[in-house]
Amino acid sequence: MADYEVFSRIYDEVMDNYDYDLVFRWLEDLLRRHKVEVRTILEMAMGTGKLTERLTALGEVTGFDRSPEMLSIAYGALYGDPMVTMRRADLRDFDLRRNFDLIVCLCDGYNYLPTKKDLSNSFERVYAHLRSGGLFVFDMNTAYRFSEEYGAYREIREGDDYFLTWENEYDEVRRVNRYDVNIFFETRDGLYERAREVHKEYAYTREEIENLLRENGLHRMETLDGYTHKPATETSGRVSYVVIKE
């Protein structure tokens, strides 16, 4: 089953620990610190549109995702908002034929790309779409998070009409983190229908990411510890990259 084909139905409920308000305030602080004026925003891997709603306070937002199921939920929440344009596209080869003041890809969307070539292709596309002086902000889960924080994490969660099991496994050699998600949805007759999705996230070092950015013309950057303004360290579970196109 494809990523988020079914999980999308309960994604926002399961990911209720992700603080969109905190992330938005952090983005506002970054824009002030770097003195970037924003009127147009590109949100990549926009998911269900929770951050998109907040980004409209900064300007006109174009958002895309490769999952039709996640986009469907975003459409339901944001349809008719004159500040939002949505479309289906892929991080690796999108072509919107316009430039943006701010480009973001948050909540570890880039961890889903399995190769450095994929990342490089995406950074090339970002360079082509970001105006000179514009800001590119993205985050990635780290190998430290996968091995030390997630490890062999297990979770059982029960909602109003579903039951979920979540099993995590990290392959330190291949640097691949696997989420095995089983969801049992209650049917009208009181029985449960099972759906299974396997998600994979790939770990990259900061050096690998920084080199790929430079190879694609993005040289001015800082790496931060999560959604803070502190420098990233070897024990950062999430590293945020803040890049300015010169």
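This tour moves through a predicted model, from its two domains to the contacts between them and then to selected side-chain pairs.

**The two domains**

Begin by colouring residues 7-141 together with 205-245, which the domain assignment gives as domain 1. Give residues 144-202 a second colour; the assignment lists this segment as domain 2. If a C-alpha centre is placed in each domain, the two points lie 24 Å apart.

**The interface**

Next, select the residues of each domain that touch the other. The selection should hold 19 residues of domain 1, in contact with 19 residues of domain 2. Between them the domains bury about 1700 Å², and carbon and sulfur atoms account for 54% of that area. Which three residues supply more of the area that domain 1 buries against domain 2 than any other three? Show Phe7, Ile10 and Tyr112, which together supply 33% of it.

Now turn to the polar and charged links across this boundary. There are 2 salt bridges between domain 1 and domain 2. Select Asp16 and Arg157, which form a salt bridge whose closest N and O atoms are 3.9 Å apart. Across the interface, 9 residue pairs are in polar contact, with both residues at pLDDT 80 or more. On the side of domain 1 that touches domain 2, the residues comprise 6 nonpolar, 6 polar and 7 charged.

**An aromatic pair**

The model contains 21 aromatic pairs. Among them, select Tyr110 and Phe136, and orient the view to show both ring planes. The pair is edge-to-face, with 6.4 Å from centre to centre and 80 degrees between the planes. Tyr110 belongs to the loop between strand S4 (100-105) and helix H5 (116-129), while Phe136 is part of strand S5 (residues 130-141); the pair therefore ties together parts that are 26 residues apart in sequence.

**A salt bridge between distant parts of the chain**

Side chains of opposite charge can pair when their charged atoms come close. The count of salt bridges in the model is 23. For one of them, select Arg238 and Asp108, whose closest N and O atoms are 3.5 Å apart. Where in the chain do Arg238 and Asp108 lie? Arg238 is in strand S11 (residues 238-244), and Asp108 is in the loop between S4 and H5. This salt bridge links distant parts of the chain, 130 residues apart. Keep that loop on display to finish, as Tyr110 also lies in the loop between strand S4 and helix H5.

Methods
Residues are numbered from 1 along each chain as its sequence is written. This is a predicted model: local features need pLDDT of at least 70, side-chain atom pairs count only at pLDDT 80 or more; totals for chains, interfaces and linings use all residues. Side-chain values use heavy atoms; hydrogens and water are left out. Domain bounds come from an automatic or database domain assignment. Contact means heavy atoms within 4.5 Å. Buried area is the accessible area (1.4 Å probe) that two parts lose on being put together, summed over both. A salt bridge is a side-chain nitrogen of Lys or Arg within 4 Å of a carboxyl oxygen of Asp or Glu. A polar contact is a pair of N or O atoms within 3.5 Å; within protein, one must be able to donate a hydrogen and the other to accept it, and residues adjacent in sequence count only if both atoms are side-chain atoms. Ala, Val, Leu, Ile, Met, Phe, Trp, Tyr, Cys and Pro count as nonpolar, Asp, Glu, Lys and Arg as charged, and the others, Gly among them, as polar. Rings of Phe, Tyr and Trp (its six-membered ring) pair if their centres lie within 6.5 Å; planes under 30 degrees apart count as stacked, over 60 as edge-to-face and the rest as tilted. Helices (H or I, at least four residues) and strands (E, at least two) are DSSP runs, numbered from the N terminus.
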